[in-house]
Structures are given as C-alpha cells and as structure tokens.
Amino acid sequence: MLNEMTTAAAPSLPELLDAWRRLREEEPNLRARDLAERLGVSEAELVASRCGDGVTRLQGPWAEVIRALPELGYVMVLTRNENCVHEKYGTFANIDIGGSMGVVLDEAIDLRLFLRHWVFGFAVREEMRGRWLRSLQFFDGDGRAVHKLYLTERSRDDAWSGLVARFAAPVQSPLLELAAVENPLPRRRDDGDIDLASLREQWRRMRDPHDFFALLKRHEVTRTQALRLVGEEFARRVDHGAVRTVLDTAAASGLPIMVFVGSPGVVQIHTGPVRNIKTVGPWLNVLDDEFNLHLREDRIAESWVVRKPSPEGQVTSLELYDADGGQIVQFFGKRKPGTPELTAWRELAEGLAGAEVSHV
C-alpha cells in the first residue's frame, strides 16, 4: 500500500500529508525516521511538509540558537545514527562555539558540535501516544536528523515560545532543497597502498585520542581498515557480545563509563553509571532516569578494543561498527583531562573475549 510510494514519483505535498496521517494511525509506534523511510522521503522533508500545522521553520545562525538553549531549562537531547539512539536529560551550559565547531560541556549534556551539518531547523509541536510533545529538530543537507531537543515537564514554557518566535524563518515554506553530503573520511584504499609502518608509528606518537581523525585522513584509511591493519598493539577484534558484557558489568559494579554516539553534526556523550539494562527484540537498551541508549545488536558487524595514547597514558575504548564501516557507538571508562584511565575499566576492556574471525 504505502510502500508503493517509495517506487513511484515523489508524492505531492497533500499526498504525503495524507499518507503520513494514515500511517501514524495504522502504526502509532513507528519512529519518525522509520515513518519517513516508509513514505519514501527524508525525515526533514516529512517535518517540513507540516509547516504551519504544528511545525515552524527556523533560521540560524545555528550558533545563536544553541546559545539560547539554556533558557529552556531541563530538557532531553537526542542524537542518533542508523543503529543507535542516545538520549540524555539535563540543561545546556558552558557553551563554546567558534566558527563551524563547538562544545557544550555541562555535567549532564555533553556535546561536540559540527555546525556545517546543521542545515535545516524546525520547532515541532505534535501529539504522540496521547501526549503533546514540543521539540527542536535539526537536519543535515540530505535531510538526515543530526540532533533533536525535547521539552520536559520541568522545561520553561515561556522561554520556548520566545525562542521559536525569535528564530522563526520569515518564509514558512514546506519545501526543501536537499543535497548530497560528502563523507568526511576517504574511501577505502587497497591495503597494499597503505604505509603500515608510518601508520603505526604515527599512531604511537599521537598525543591525544582526538588526533585519531586527522591520522585517518592523513593516511587515507577508513576507521575499520585502520583498526584491522594497525596490529594488536593498538586494536584487537572482540566478540559481539562484548557490549553486553560491558553494560552488564558496569551496571552490576557501579563502574562509571562514557558512551559516545554520533550523527554527522553532533557527538553526544554520557558520563556516569548505567543501571537498568534490558533487551527488547533486536534492541539492547539502557533505561535509566536521565540516560537512555537504544542499540541494534543485530547490526553490529565489527567490535574492537582500541588503545590510543594520551598525555595521561593509554586510553582504551570498545568501538562498534556496522557492515558499511560506520561507527555505531564508543565506550570508555570515565575520565577527565589530567586523570589517568580507570584501572577497573581497562581490566574490563582487556578481558573481553576475542572474536572468531573467518578468513574465508
């Protein structure tokens, strides 16, 4: 029925809105991303189609919008990729933006911002499962969501109205001009074209884990290619059950961890304990009061324990990747600049079972 829309010509605006309403009635639990996919449009196009009906199109500069977010008080922020959703509750504070990059460094809401991927923005008021939700939603140039913010019962209602009015676009058009978004990392080269000795030596000389991205670009390698080639001094492939071991062990012991999930425009970080670990279908979940994680375990193609140098010594992570080499999520032990890695975390990570990798 509705899936026929994905193979036919793009639906007109009335057709799209009608199909959206019918699909929401038929499957009220569908996530926004899945709704858009079923209707054959991007998520941003689906949101934009409702401009004037609960949706207000916003205009930047996005840095000024972000600097205004502390006015809203206690909110929930959501960043996701294809296979993992990261939800965190707190307030915006300690915002520092320069050019197209920035950070939010509140104790609860901890974000790394890449504003060149913030192309479209909307304020949305909609009914979901009998509740009225208000959110700010931001999208990349290809219509993919990069970040969302939801008001809570503890948010400041008056500030919401003022912020939306201040940043409302003068023309509330439901139409978007989408464009392809280039992958910032190079395409995979043949293994034989890579200078492995130089890759390993420069990895060894890294001064900070944040230098890793520059290392990949310099050697024109993908993340998973670098992990596979660099050798067990720096990266060791582990069983896909490693993520469950990490979460269950952290929950049982109270070990504080860091959980990084990224979209093209945001990396969102949880720092602290995890407590309530549950599986629902293919989703492995953390369901705590102020932190939720939803991970598609069945989409994990590679799991790695990775070691990177830092001024405080080795930093160890568990990193999960999908079949296309896209990073799903990273786990670290809780740490701050100037503080060495937690011994308990390193022992947990180093003790994870290795993977049985077929070479056929």
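**Close-ups of a predicted model**

**View 1. Lys308 and Glu319 pair up out of sight.** Lys308 is buried, with a relative accessible area of 5%; buried means under 20%, exposed over 50% and partly exposed in between, using a 1.4 Å probe and protein chains only. Its partner, Glu319, is buried too, at 0%. Their side chains meet in a salt bridge at 2.9 Å, N to O (a Lys or Arg side-chain nitrogen within 4 Å of an Asp or Glu carboxyl oxygen). The bridge links distant parts of the chain, with Glu319 in strand 17 (residues 315-321) and Lys308 in strand 16, 11 residues apart. Helices (H or I, at least four residues) and strands (E, at least two) are DSSP runs, numbered from the N terminus. Elsewhere, Glu201, Arg204 and Glu233 are joined into one network by salt bridges with shared partners.

This is a predicted model, so local features need pLDDT of at least 70 and side-chain atom pairs 80 or more, while totals for chains, interfaces and linings use all residues. Residues are numbered from 1 along each chain as its sequence is written, and side-chain values use heavy atoms, leaving out hydrogens and water.

**View 2. Arg50 bridges to Glu126.** This is one of 20 salt bridges in the structure. The closest N and O atoms of Arg50 and Glu126 are 3.4 Å apart. Arg50 sits in the loop between helix 3 (43-48) and strand 1, and Glu126 in strand 7 (residues 120-128), so the pair ties together parts 76 residues apart in sequence. Both Arg50 and Glu126 are buried.

**View 3. Arg244 meets Glu297.** Here the salt bridge spans 2.4 Å, N to O. Arg244 belongs to helix 9 (residues 242-253), while Glu297 is in the loop between strand 15 (291-296) and strand 16 (302-308), so this pair ties together parts 53 residues apart in sequence. Arg244 is partly exposed at 29% relative accessible area, and Glu297 is also partly exposed, at 22%.

**View 4. Arg80 is buried without a salt bridge.** You'll find Arg80 in strand 2 (residues 73-80). Asp34 has the nearest side chain of opposite charge, 5.8 Å away (Lys and Arg count as positive, Asp and Glu as negative; His and the chain ends aren't counted). Leaving aside residues up to four places away in sequence, Arg80 touches Arg31, Arg33, Val85, Val261, Gly262 and Ser263, where touching means heavy atoms within 4.5 Å.

**View 5. Gly60 and Pro61 share a cis peptide bond.** Omega is about 5 degrees here. Pro61 lies in the loop between strand 1 (55-58) and helix 4 (62-68).
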